[in-house]
Amino acid sequence: MTSHYRTRRLAIAALTAVIVVGLAACSTTVPNTTLEPKTEFGRAIDALWDTLLFWGTIVFILVEAFLIYVVIRFRRREGQPAPRHVHGNTTLEIAWTLAPAVILAIIAVPTVKTIFTTQANAPRGSLTVEVIGHQWWWEFRYPEHNVVTANELYLPVGRTVNFALKTQDVLHSFWIPQLGGKRDLITNRTNYLWFTPESTSVWNGVCVEYCGTSHANMRFKTFVVPPEQFDAWANHQRGGPVFMPAPTPTAPTDTGAGAAAATQPAAQASAPAAQPQTSGSLPTFPADQLPLYAASYNPVPRNLTIGNVTGDAARGAQIYRTAPCIACHVVQGVSAGIVGPTLTHFGSRTSIGAGLFPNDPRHLALWIKNSPAMKPGSKMPPFGKSPTMPAGYDDQQLADLAAYLLSLK
Ligand code: CUA
């Protein structure tokens with residue numbers, strides 16, 4: 001009776017666990033899953049996975065059923081003699097060597113077929129995007145449009161995109177779970193990956209090959225937009241920055257950079273080589289409309305702080321001209337560094353640090369102050385004033401620099 005009771009309790013516990021685990025997988029928002037592919041590439045891989053899972057499950061059930069049968073049928077019984085010991089059974093040994101070999105041969109057929117499909121050359125008329133991996137950020141080049149950008153990838157819906165994958169330093173790997181990948185970026189070689197995004201949305205991308213300290217912090221966002229919007233975006237990106245200054249207080253806030261755009265015109269004669277703009281909608285994805293799963297929300301180290309100051313873009317522009325920033329970064333018409341990510345349209349990006357933090361005045365000022373504290377291994381040295389760097393920028397100057405960069409739309 002007690003054992004019967006215990007069995008029932010165990011069964012109820014097991015059933016509860018199964019229901020909880022099952023329901024946990026019922027979410028309709030699964031933005032980072034590979035199991036709901038949104039491209040032909042993803043579906044080819046998914047179909048292969050489904051096939052292998054189906055046959056693998058059948059083999060598993062057969063083997064386990066046989067095992068359980070043997071365990072019960074030949075269990076030790078009261079008063080039975082010890083079983084006879086045997087050594088070697090040629091028939092059995094041939095059988096259990098051949099069976100897996102046959103199974104592997106069967107699995108090889110759809111696997112090799114899928115490899116050929118997904119490794120084929122991209123169809124004619126594909127949009128070429130060069131992807132260049134850096135420790136630890138992504139550079140995206142669009143040779144057809146003469147556009148270079150970083151960490152935010154724009155793609156037109158319905159057109160096949162052919163990625164040419166390269167690396168500037170060590171090995172990286174390119175992956176947008178619901179669209180395609182993973183494919184490695186290998187030194188002295190170009191790998192290709194192509195697929196056709198089918199729906200407009202925002203997708204997260206990551207590096208999936210260990211590439212050093214901030215491998216886990218090497219992320220990017222993919223914006224799949226209607227073709228007209230993509231063309232407008234590419235036209236905008238090709239040109240110089242559109243200067244849209246706005247007061248940028250560094251007080252903690254939840255609003256992204258997009259919300260700060262064009263609220264207060266402050267045209268400055270000393271502004272960079274671009275016309276100050278006060279209105280008009282940008283062809284970039286508004287930061288305040290990012291879905292929650294694509295938002296950047298990493299914590300800032302507690303001992304890294306900035307005063308409550310309001311940055312001034314025009315002052316920031318003056319500082320930038322002679323700042324060490326110009327050695328590594330491009331701002332079209334202003335600076336021509338090539339080591340770091342381009343900053344020409346920096347203010348229209350949604351995140352900084354390769355997807356780590358929201359691109360707002362506070363995070364950006366902190367980033368310039370001490371980026372290695374926010375992202376381990378960051379190659380950009382700290383520029384904030386500190387006991388070890390008395391010549392660094394004070395909080396007001398950092399806020400001004402941030403205000404300037406955020407005004408580059
Ligand atoms: Cu780049 Cu891991």
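Start by selecting A354, which is buried with a relative accessible area of 2%. You will find A354 in the loop between strand 15 (351-352) and strand 16 (357-358). Look at its backbone too: A354 has a positive phi of about 60 degrees, although the residue is not a glycine. Keep in mind throughout the tour that this is a predicted model.

**A second positive phi**

Now jump to N146, another non-glycine residue whose phi is positive, at about 60 degrees. N146 sits in the loop between strand 2 and strand 3 (147-150). Is N146 buried or exposed? With 61% relative accessibility, N146 counts as exposed.

**The sheet around strand 2**

From here, colour the sheet that contains strands 2 and 3. Its 5 strands run in the order 3-2-1-5-8, forming an open sheet with mixed pairing. At the edges are strand 3 and strand 8 (191-195), each of which pairs on one side only. From one strand to the next, the twist averages 25 degrees.

Zoom in on strands 2 and 3, which pair in the antiparallel sense over 4 bridges. To see the register, show F140 and look across to strand 3, where T149 stands opposite.

While F140 is displayed, add W138, F163, F174, F195 and F220: together with F140, these residues form one aromatic cluster.

**Two cis peptide bonds**

Next, select Q135 and W136. The peptide bond from Q135 to W136 is cis, with omega near 0 degrees. W136 belongs to the loop between strand 1 (127-134) and strand 2 (137-142).

Then move to G181 and K182, where the peptide bond is again cis, with omega near -5 degrees. K182 is part of strand 7 (residues 180-185), and that strand takes you to the next sheet.

**The sheet with strand 7**

Colour this one separately. The strand order is 4-10-9-6-7, in an open sheet of 5 strands with mixed pairing. Strand 7 is one edge and strand 4 (152-156) is the other, each pairing on one side only. On average, neighbouring strands here are turned by 20 degrees against each other, direction ignored.

At the strand 4 end, look at its partner, strand 10 (residues 219-225): the two run parallel and are joined by 5 bridges. Show Y154 as sticks and you will see F223 of strand 10 standing opposite.

**Helix 4, across both sheets**

Bring helix 4 (residues 227-238) into view. Against the sheet visited earlier, helix 4 lies across strand 1, strand 2 and strand 3, and its direction is at about 95 degrees to strand 3. Helix 4 also lies across strand 4 and strand 10, running at about 135 degrees to strand 4.

Which ring pair should you pick out here? Select Y142 and W233: their ring centres are 5.2 Å apart and their planes stand at 65 degrees, so the pair is edge-to-face. The pair links distant parts of the chain, with Y142 in strand 2 and W233 in helix 4, 91 residues apart. Y142 is buried at a relative accessible area of 1%, and W233 also counts as buried, at 1% relative accessibility.

**A stop at A251**

Now select A251, in the loop between strand 11 (248-249) and strand 12 (310-311). A251 is partly exposed, with a relative accessible area of 24%. Draw a C-alpha to C-alpha distance from A251 to I306 and you should get 8.5 Å, for two residues 55 apart in sequence. Which residues is A251 in contact with, leaving aside its neighbours within four places in sequence? They are N308 and R362.

**Last stop: two crossing helices**

Finish with helix 5 (residues 313-322) and helix 7 (residues 395-407). Their axes come within 7 Å and cross at roughly 100 degrees. That makes helix 5 roughly perpendicular to helix 7. To display the contact, select A313, R315, G316, A317, I319 and Y320 on helix 5, then Q396, Q397, D400, L401, A403, Y404, L405 and S407 on helix 7. Colour these residues by class and you will see 8 nonpolar, 4 polar and 2 charged residues.

Conventions. Residues are numbered from 1 along each chain as its sequence is written. This is a predicted model: local features need pLDDT of at least 70, side-chain atom pairs count only at pLDDT 80 or more; totals for chains, interfaces and linings use all residues. Side-chain values use heavy atoms; hydrogens and water are left out. Axes are lines fitted to C-alpha atoms, for helices over the stretch in contact, and angles run from 0 to 180 degrees between N-to-C directions. Angles under 35 degrees count as roughly parallel, over 145 as roughly antiparallel, 65 to 115 as roughly perpendicular and the rest as oblique. Contact means heavy atoms within 4.5 Å. Ala, Val, Leu, Ile, Met, Phe, Trp, Tyr, Cys and Pro count as nonpolar, Asp, Glu, Lys and Arg as charged, and the others, Gly among them, as polar. Buried means under 20% relative accessible area, exposed over 50%, partly exposed in between (1.4 Å probe, protein chains only). Two strands pair if DSSP finds at least two bridges between them. Rings of Phe, Tyr and Trp (its six-membered ring) pair if their centres lie within 6.5 Å; planes under 30 degrees apart count as stacked, over 60 as edge-to-face and the rest as tilted.
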